[in-house]
Amino acid sequence: MLKTLARQSTFKQVAARLSARSMSTVVEDSVGPKCYGGTYTVTLIPGDGIGQETATSVKSVFSAAKVPVEFEQFDLSGFTPENDSLMQEALASLRRNKVGLKGILYTPIRKGHSSFNVAMRKELDIYASVAHCRNVAGIDSRHSNVDFITEGEFSGLEHQSFPGVVESLKIITRPKTERIARYAFDYALRNNRKKVTIVHKANIMKLADGLFLNTCRAVAKEYPSVQFNDMIVDNTAMQLVSKPQQFDVMVMPNLYGSIVSNIGAGLIGGPGIVPGANYGREFAIFEPGSRHVAKDIQGRNTANPSSLILSSVMMLRHLQLNSYAEQIEKAVSKTLSVDGIRTPDLGGSHSTTEFTKAIINNL
């Protein structure tokens, strides 16, 4: 009898969280996205490399579909210092609007330069980094029936303790792990996903990844209807390239997530078709799931805008603008699978402009 009551209590707790939670933010802790007269205001950061071209594509598609979204655009670069006024204005805009759409910002590999993504996550308490890797009809890939979600949480510190000696600290805490684990299992329930895989390296990092693994296992007990398993990250990489169909929702620290999402991109046709998002308690920022700046093709009008467009589709669903999301997603699918219009990264010869016009024609 006691076990039955405890289980019912657990079900009620899960149901309460699900009723309060959208795909990202917890409603009770959030003021909500800014909407005036039926129009949402969204912070737009095009990013470096092909960012301006893909952002222009998104704006053109939104305009043609008459999506009720206005953008506040900030042309930040990964080279922009953290204390720069433009960066502070962008962060203030995100705090105000609660929702953002961004391209990829280049992070210079040099000492003393802070990443905007890291600053954004710390300032806005962004804790879930999500990428959706799935086959796109009409795009040739090594595997079929690939459809999995990767979710990760990031925290890390490093310092030079002595000239020539650098210590890199991996911070894992039980409360933060519980938060990302519950997000993963809630996501599985809300999106009819059957299984959550916990990815770790607890066989070697027995304390840090051991805490992550054991905490996720404890959270899994609150979700008896969702299957779960765990897998060492080395084996995960091998399993992904040999049998990716076994994965559904995957939760892991962010370093592993960055690697896994890039493997996933390679499996389905490249980074140009992987959407993604970053979620916090109050904020949601949408960006390509496989973070490539693509500076080598910048300004050539050959970039594939699909990943940013599909990320904006995720954003529209977050804003409950589902009809617009469905319309744009179907237009992208028809452009790729029926019309066969593709940019060079997908084996085609069409320009970014031609690809965008084709999507608009299919709206």
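**Exercise 1. Does Gly-210 count as buried or exposed, and at what relative accessibility?**

Solution. The model is predicted, so that local features need pLDDT of at least 70 and side-chain atom pairs count only at pLDDT 80 or more, while totals for chains, interfaces and linings use all residues. Residues are numbered from 1 along each chain as its sequence is written, and side-chain values use heavy atoms, with hydrogens and water left out.

Step 1. Recall the cut-offs: buried means under 20% relative accessible area, exposed over 50%, and partly exposed in between (1.4 Å probe, protein chains only).
Step 2. Gly-210 has 7% relative accessibility and therefore counts as buried.
Step 3. Place the residue: Gly-210 belongs to helix α6 (residues 208-220). Helices (H or I, at least four residues) and strands (E, at least two) are DSSP runs, numbered from the N terminus.
Step 4. List the surroundings. With neighbours within four places in sequence set aside, Gly-210 contacts Ala-202 and Met-205; contact means heavy atoms within 4.5 Å. The C-alpha atoms of Gly-210 and His-200 lie 8.0 Å apart, at a sequence separation of ten residues.

**Exercise 2. Describe the overall make-up of the protein.**

Solution. Step 1. The secondary structure consists of eleven helices and 13 strands.
Step 2. Of the 363 residues, 52% count as buried.
Step 3. Consider contacts between residues at least 6 apart in sequence: 75% of these join residues at least 24 apart.

**Exercise 3. Compare the end-to-end span of helix α9 with the expected value, and characterise its surroundings.**

Solution. Step 1. The expected span of a helix is 1.5 Å times one less than its number of residues. For the 13 residues of α9 (residues 306-318) this gives 18 Å, and the end C-alpha atoms are 18 Å apart, so the two values agree.
Step 2. Twelve of the 13 residues of α9 are buried; among them are Leu-308, Ile-309, Val-313 and His-318.
Step 3. Take Ser-307, a residue of α9. Its relative accessible area is 7%, and Ser-307 is therefore buried. Beyond neighbours within four places in sequence, Ser-307 touches Pro-271, Gly-272, Ile-273, Val-274, Pro-275 and Pro-288.
Step 4. Turn to the nonpolar core, a set of buried Ala, Val, Leu, Ile, Met, Phe, Trp, Tyr and Cys residues joined through side-chain atoms within 4.5 Å. The largest one has 79 residues, and Met-315 and Leu-316 are among those with the most contacts inside it, as are Val-69, Tyr-279, Phe-286 and Ile-328. A second, separate core of 14 residues includes Phe-74, Ala-90, Leu-91 and Leu-124.
Step 5. Apart from neighbours within four places in sequence, Met-315 is in contact with Val-42, Phe-62, Val-99, Gly-100, Leu-101 and Phe-286.

**Exercise 4. Which elements do the buried residues of α2 pack against?**

Solution. Step 1. Helix α2 (residues 51-65) has 15 residues; its first and last C-alpha atoms are 21 Å apart, close to the 21 Å expected.
Step 2. The buried residues of α2 include Gly-51, Glu-53, Val-58, Val-61 and Phe-62.
Step 3. The partners of these buried residues are β2 (39-45), β3 (69-73), β4 (99-102), α9, α10 (322-337) and α11 (352-361).

**Exercise 5. Determine how α7 and α8 are arranged.**

Solution. Step 1. Two packed helices are described by the angle between their axes and the distance between the axes.
Step 2. The axes of α7 (residues 233-242) and α8 (residues 254-268) come within 10 Å and cross at roughly 10°. α7 is therefore roughly parallel to α8, given that angles under 35 degrees count as roughly parallel, over 145 as roughly antiparallel, 65 to 115 as roughly perpendicular and the rest as oblique.
Step 3. On the α7 side, Val-233, Thr-236, Ala-237, Leu-240 and Val-241 meet Tyr-256, Val-260, Ile-263 and Leu-267 of α8.
Step 4. By class, this contact has eight nonpolar, one polar and no charged residues. Ala, Val, Leu, Ile, Met, Phe, Trp, Tyr, Cys and Pro count as nonpolar, Asp, Glu, Lys and Arg as charged, and the others, Gly among them, as polar.

**Exercise 6. Examine the positive phi values of Lys-66, Lys-98 and Gln-320.**

Solution. Step 1. Lys-66 follows α2 and has a positive phi, near 55°.
Step 2. Lys-98, in the loop between α3 (85-97) and β4, has a positive phi of about 75° although it is not a glycine. With a relative accessible area of 10%, Lys-98 is buried. Its C-alpha atom is separated by 6.6 Å from that of Gly-32, 66 residues apart along the chain.
Step 3. Gln-320 is located in the loop between α9 and α10, and its phi is positive, near 65°. At 56% relative accessibility, Gln-320 counts as exposed.

Methods: Axes fitted to C-alpha atoms, helices over the stretch in contact; angles between N-to-C directions.
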